[in-house]
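Subject: Structure handover

Hello,

Here is the structure I promised to pass on. Please open it alongside this email, and then read my notes below.

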Amino acid sequence: MENKKIFPQEKSGLHPRNRHRSRYDFPALIASSPELEPFVSENKWGDLSVDFAAPLAVKALNRALLRHFYQIENWEIPADYLCPPIPGRADYVHHLADLLAGSNQGEIPKGKDIAILDIGVGANCIYPIIGLREYGWRFTASEIDATSMAAAKKIVATNPLLTNQVRFRLQAKPPRIFDTIIRHDERYDAVLCNPPFHGSAEEAAGSSQRKRQNLGIDRRTGKAELNFGGQHNELWCEGGEESFVVRMAEESAEKRNNCLWFTVLISKKTTLPLIYEALEELEATDVRTVEMTQGNKISRFVAWTFLTPWQQKSWADKRWN
């Protein structure tokens, strides 16, 4: 008992509405998802935990979290596809809700009339799950990878709470982001996007190795295994995050009247000046940066709109009220 480390009971950096602010209640999670039990054991401080460096353990934990907090009974992703940390993804959704509330006199717009576009939904379908279960939003989910889309479609089809609430569109022109996805007569209240952060497979592998070292993994194993998984299109693209977000900003200007708020998750602080400069040149009317904290990690998303304050109010009055 002398070696027991005292951890705070609440993760104060997370959004106040985030269901994952408290430390993981493993007995409750196991009760919801018994298949998690083999992966749970006492850590060196005498607390129950899972091996966050083990892909199967991370997947089992995610499945339990989704079942326990969001009543998602069936969640499966293909081997080696991205298995995201759910608390951080939930934070993005809750801060996005606050952003929309700011255009609606402080009230979060809820229900199926609120249309959200998820660029790069991934096999895990995590943003539509959380957005639907928390706020009842309706999603359009784009993807360039057919395997990812098939997995996400299966998640929606096998969970009645999600059925008919997500429509999928495979990007016919992979270098493009909005072209072929947003149609000329469509309106979206917000776009969210978790882009590939790295510029190459080597960069992604190096980042994974650093994470494994932070988790206390012995480098002598020689393994380059990604504990959260990820295919190349999920983790890296030519030019990396910098190139992707500038391209996204440029393409958003072509759809300036189709969407109230465009947002994108930014991993690298050095990317911020690039997207700020691009949005200034494109004459965005409002640009905001929302910081999010999870443990020692600080992430953020950038949000922008091309609509004037009067146009934003008109948008809310017509669509939400």
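Over which residues does pLDDT stay under 50, and how many contacts beyond four places in sequence does the model have for them? The stretch is residues 198–215, and the model has 33 such contacts for it. Residues 217–228 also have pLDDT below 50. That second stretch has 26 contacts beyond near neighbours in sequence. Keep in mind that this is a predicted model. For the protein chain, the mean pLDDT is 87. A pLDDT of 70 or more is reached by 83% of its residues.

Helix α4

Next, α4, which covers residues 126–135. Nine of its ten residues are buried, so the helix is largely enclosed by the rest of the structure. Among the buried ones are Ile126, Tyr127, Pro128 and Ile129. Ile130, Gly131 and Leu132 are buried too. So are Glu134 and Tyr135 in α4, each with under 20% relative accessible area. Just after the helix comes Gly136, with a positive phi of about 70°.

Cys125 sits in the loop between β3 (115–119) and α4. Its phi is positive, about 55°, although Cys125 is not a glycine. Cys125 counts as buried because its relative accessibility is 1%.

Other backbone points

Asp80 is another non-glycine residue with a positive phi, near 70°. Look for Asp80 in the loop between α2 (55–70) and α3 (86–102). Is Asp80 buried or exposed? Asp80 counts as exposed, because its relative accessibility is 59%.

Cysteines

A disulfide is a covalent bond between the sulfur atoms of two cysteines. I searched the whole structure for disulfides and found zero. Cys193 is buried, with a relative accessible area of 1%.

Aromatic rings

How many aromatic pairs does a search of the whole structure find? The search finds seven. One of them joins Tyr24 and Phe26: the ring centres are 5.9 Å apart and the planes meet at 70°, so this pair is edge-to-face. Tyr24 is partly exposed, at 24% relative accessible area. Phe26 is buried, at 4%.

There is also a cluster of rings. Ring pairs link Phe178, Phe262, Trp304 and Phe306. Which residue lies over the face of Phe306? Arg256 does, at 4.4 Å from the ring centre.

The β8 and β9 hairpin

Trp304 from that ring cluster belongs to β9, where it stands opposite Val287. Strand β8 spans residues 286–294, and strand β9 spans residues 297–305. The two run antiparallel, with nine bridges joining them. Two residues lie between the strands of this hairpin. In the hairpin, Gly295 takes a positive phi near 65°.

Where to start

Begin with α4, where nine of the ten residues are buried. Then go to the cluster of Phe178, Phe262, Trp304 and Phe306, and on to the hairpin of β8 and β9. Leave residues 198–215 for later, with their pLDDT under 50.

Best wishes

Methods:
Residues numbered from 1 in each chain as written. Predicted model: local features only at pLDDT ≥ 70, side-chain atom pairs only at ≥ 80, totals over all residues. Heavy atoms only, no water. Helix = DSSP H or I, 4+ residues; strand = E, 2+ residues; numbered from the N terminus. Buried < 20%, exposed > 50% of the residue type's maximum accessible area, 1.4 Å probe, protein only. Disulfide = S-S within 2.5 Å. pLDDT = per-residue confidence, 0-100. Contact = heavy atoms within 4.5 Å. Phe/Tyr/Trp six-rings, centres within 6.5 Å; stacked < 30°, edge-to-face > 60°. Lys NZ or Arg CZ within 6 Å of the ring centre and 35° of its normal. Pairing = 2+ DSSP bridges.
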